[in-house]
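Reader: I'm new to this one, so could you walk me through it with a few questions?

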Amino acid sequence: RKDSTPPDETTELLADEGMTRVSSQTFMESLAFSGSHVCDSLDMALVYAENALIDSEDPSLLEYDESGNQFSGLRKDSSLSEEREAALHHIENLCLGNVDQNNADMLFSRFERQVYTRGECLWKQGSASDCFKLLVRGSLEAVLENEAGTSETIVSGNSIGELGLVEGVPRMSSVHCRSQDAVLYSLSRDAYEDLIRSSPHVARIVDLICVRYLSARVQHVSNRIFETRCLPI
């Protein structure tokens, strides 16, 4: 790299011949998805494996922002129609494709657009569950209070708060914005309950997302039991 590269746009890499400095995007591209790779969690390992498969077919589908974070194709200058298209795509994925397009459109029409900046808190653990949010750009971090800093990164394409909205239970973790900014679409409790009364077939989409969430969590716990040969306490 040229010496003129601004330090705040670079990431240090330890190479065989010594320390080199490359841009964050070059760093991500340099992974090349070859050889061994150790991930911090099973979830991140699955993301890495999926990206490796995508990279083997069409590397151009894997894009990264200026911080080296993978994004869903949306940039800061993306239009509202592009955000809507991405949101509907995420809803379909979260329901494993078991959703009627017209129903998804009707559900999305009840969402409100929200933007958060790095460090901003979306909600605190134990607070009332009054909404369900869909993350279309950026990343968040969920933290379990009083649990030795246990946290989980939430990337675009995922939803948060759906279980609390459906079950009416308090928030199970604190959530804040991890990326420079994040764009979410939020479904309020009032809007959700109105859908239950007027269009239960549309409200059922949120139930389907909850089922997928719980299924993923059960699978995650099962994998942990298999790996550690013991039950979680």
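Reader: Before anything else, in which strand is the place of S174?

Author: A quick note: this is a predicted model, where local features need pLDDT of at least 70, side-chain atom pairs count only at pLDDT 80 or more, and totals for chains, interfaces and linings use all residues. Residues are numbered from 1 along each chain as its sequence is written, and side-chain values use heavy atoms, leaving out hydrogens and water. Helices (H or I, at least four residues) and strands (E, at least two) are DSSP runs numbered from the N terminus. On that numbering, S174 sits in residues 174-177, strand β9.

Reader: Is S174 buried or exposed?

Author: Buried means under 20% relative accessible area, exposed over 50%, and partly exposed in between (1.4 Å probe, protein chains only). S174 has 6% relative accessibility, so it counts as buried.

Reader: Which side chain does the side chain of S174 join in a polar contact?

Author: A polar contact is a pair of N or O atoms within 3.5 Å; within protein, one must be able to donate a hydrogen and the other to accept it, and residues adjacent in sequence count only if both atoms are side-chain atoms. A polar atom of the S174 side chain also lies 2.8 Å from the backbone nitrogen of Q125. The side-chain partner, at 2.7 Å, is E145.

Reader: How many aromatic pairs are there?

Author: Rings of Phe, Tyr and Trp (its six-membered ring) pair if their centres lie within 6.5 Å; planes under 30 degrees apart count as stacked, over 60 as edge-to-face and the rest as tilted. By that rule, the count is three.

Reader: How are F108 and F111 arranged as a pair?

Author: Their centres are 6.0 Å apart, with 25° between the planes. That makes the pair stacked.

Reader: Why is the pair of F111 and F132 edge-to-face?

Author: F111 is buried, and F132 is too. The pair also ties together parts 21 residues apart in sequence, because F111 lies in the loop between α4 (101-108) and β3 (112-117) and F132 in strand β5 (residues 131-137). The ring centres of F111 and F132 are 5.8 Å apart, and the pair is edge-to-face because the planes are at 70°.

Reader: Which element gives the most to the largest nonpolar core?

Author: A nonpolar core is a set of buried Ala, Val, Leu, Ile, Met, Phe, Trp, Tyr and Cys residues joined through side-chain atoms within 4.5 Å. The largest has 28 residues, with F111 and F132 among those with the most contacts inside it. Giving six residues, the top contributor is α7.
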